[in-house]
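Trainee: I have a new structure to go through and would welcome some guidance. Could we start with the ligand?

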Amino acid sequence: MALIIDGKKISSEIKDELKAKVSMLTRKGTRITLAVVQVGNDPASSVYVGNKKKACEYIGIESQAYELPEETTEEELVSLVEKLNNEESVNGILVQLPLPAHMNEDIIINTISPAKDVDGFHPQSVGALSIGQKGFVSCTPAGVIQLLKRSNISMEGKECVIIGRSNIVGKPMALLMLRENATVTICHSRTKNLKEVAKRADILIVAIGKPYFVTKDYVKEGAIVIDVGIHRNENGKLCGDVDYDDVLGIVSAITPVPGGVGPMTIAMLMSNCVDAAL
Ligand code: NAD
């Protein structure tokens, strides 16, 4: 029987640990504040922002919401971020992506002070991760590492194949798996013989952005499968990049969607906020 890795339970444990830490910090007089900036009112972004606010409330982190109209200019957003960089009481800054098309996301991300970059997207944070220095790590891949560690799955010496090379999931995921001493392969849209390469994996991490893409043809018997994807299928139900029912019979462990990687992202964001105040 496959182990179903319970991201809801593990993320709750992390949030409870953080809540205890924050309460101790509060007693010592340290307040933690996260500034969340949203431009426009994309419904998915509003849901994410709402969930982040709720998590802050639960843990005891103060959240400041900046809701800017769609027509905000890039210069106006840059000045807000610069203002927040200089505000001593603000520990973390999060600009909800995607931004409207008239803005250059790279310019905005580069404006966030690396000391407050709780999303871990700033080039300095990514560079620090790549050379093993201290810095904020992108929340979703950091959440995957916690899922594995807290399920007592060792990564050392394992063949780890990651499908997807995005800046926010695939690439940092590969660097984190290297940090855990896995042997890492990154696959992407130009990879040849994807099924054969994926089948080498002891740990297969899928962040491809295509519903039900990975079937048992991609999975070695006994492999551990981590599904980062989130989609709504034609019946409006949440599903992942992995065809869960198809692979369940051959894997040794798997994350479900929903209830796998998803809840970990916010838990790791909260963890980064606490670190930003220390
Ligand atoms: P992305 O679209 O930026 O990247 C997808 C990657 O998959 C690309 O690197 C591309 O090269 C690769 N790819 C595409 N088609 C391929 C193919 N046929 N064969 C091999 N590789 C292929 O996506 P992303 O932002 O990395 O997100 C991936 C998935 O994870 C999405 O479903 C997204 O919704 C989800 N996601 C979930 C969370 C979470 O909190 N759980 C966070 C971020 C992203």
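Mentor: Certainly. A nitrogen atom of the ligand is 3.3 Å from a polar backbone atom of His188, a polar contact being a pair of N or O atoms within 3.5 Å. Please note that this is a predicted model, in which local features need pLDDT of at least 70 and side-chain atom pairs count only at pLDDT 80 or more, whereas totals for chains, interfaces and linings use all residues. Residues are numbered from 1 along each chain as its sequence is written, and side-chain values use heavy atoms, with hydrogens and water left out.

Trainee: Which polar atom of Arg165 is 2.8 Å from the ligand, backbone or side-chain?

Mentor: A backbone atom of Arg165, and its partner is an oxygen atom of the ligand. With His231, a polar side-chain atom lies 3.5 Å from an oxygen atom of the ligand.

Trainee: How much of the ligand does the protein bury?

Mentor: The protein buries 72% of the 860 Å² that the ligand exposes when taken alone. Such areas come from the Shrake-Rupley method with a 1.4 Å probe.

Trainee: And how many residues surround the ligand?

Mentor: There are 23, the closest being Arg165, Ser166, His188, Lys210 and Thr265; a residue counts if one of its heavy atoms lies within 4 Å. The shell comprises 10 nonpolar, 10 polar and three charged residues. Here Asp, Glu, Lys and Arg are charged, Ala, Val, Leu, Ile, Met, Phe, Trp, Tyr, Cys and Pro are nonpolar, and the others, Gly among them, are polar.

Trainee: Changing topic: which way do the residues of β8 point?

Mentor: In strand β8 (residues 224–227), Ile224 and Ile226 point one way and Val225 and Asp227 the other, and all are buried, that is, under 20% relative accessible area (1.4 Å probe, protein chains only). Strands are DSSP runs of E, at least two residues long, numbered from the N terminus.

Trainee: What does β8 pair with?

Mentor: Strand β7 (residues 203–206) runs parallel to β8 and is joined to it by four bridges, with Ile205 opposite Ile226. Two bridges join β8 to strand β11 (residues 253–254), also in parallel, and there Ala253 is the bridge partner of Ile224. Pairing requires at least two DSSP bridges between the strands.

Trainee: And what is the strand order in the open sheet of three strands?

Mentor: The order is β3-β2-β4, with parallel pairing. Strands β3 (62–68) and β4 (92–95) stand at the edges with a single partner strand each, so one side of each has no neighbour in the sheet. Seven bridges link β2 (residues 33–39) to β3, where Val36 stands opposite Ala65.

Definitions and conventions: Buried means under 20% relative accessible area, exposed over 50%, partly exposed in between (1.4 Å probe, protein chains only). A polar contact is a pair of N or O atoms within 3.5 Å; within protein, one must be able to donate a hydrogen and the other to accept it, and residues adjacent in sequence count only if both atoms are side-chain atoms.
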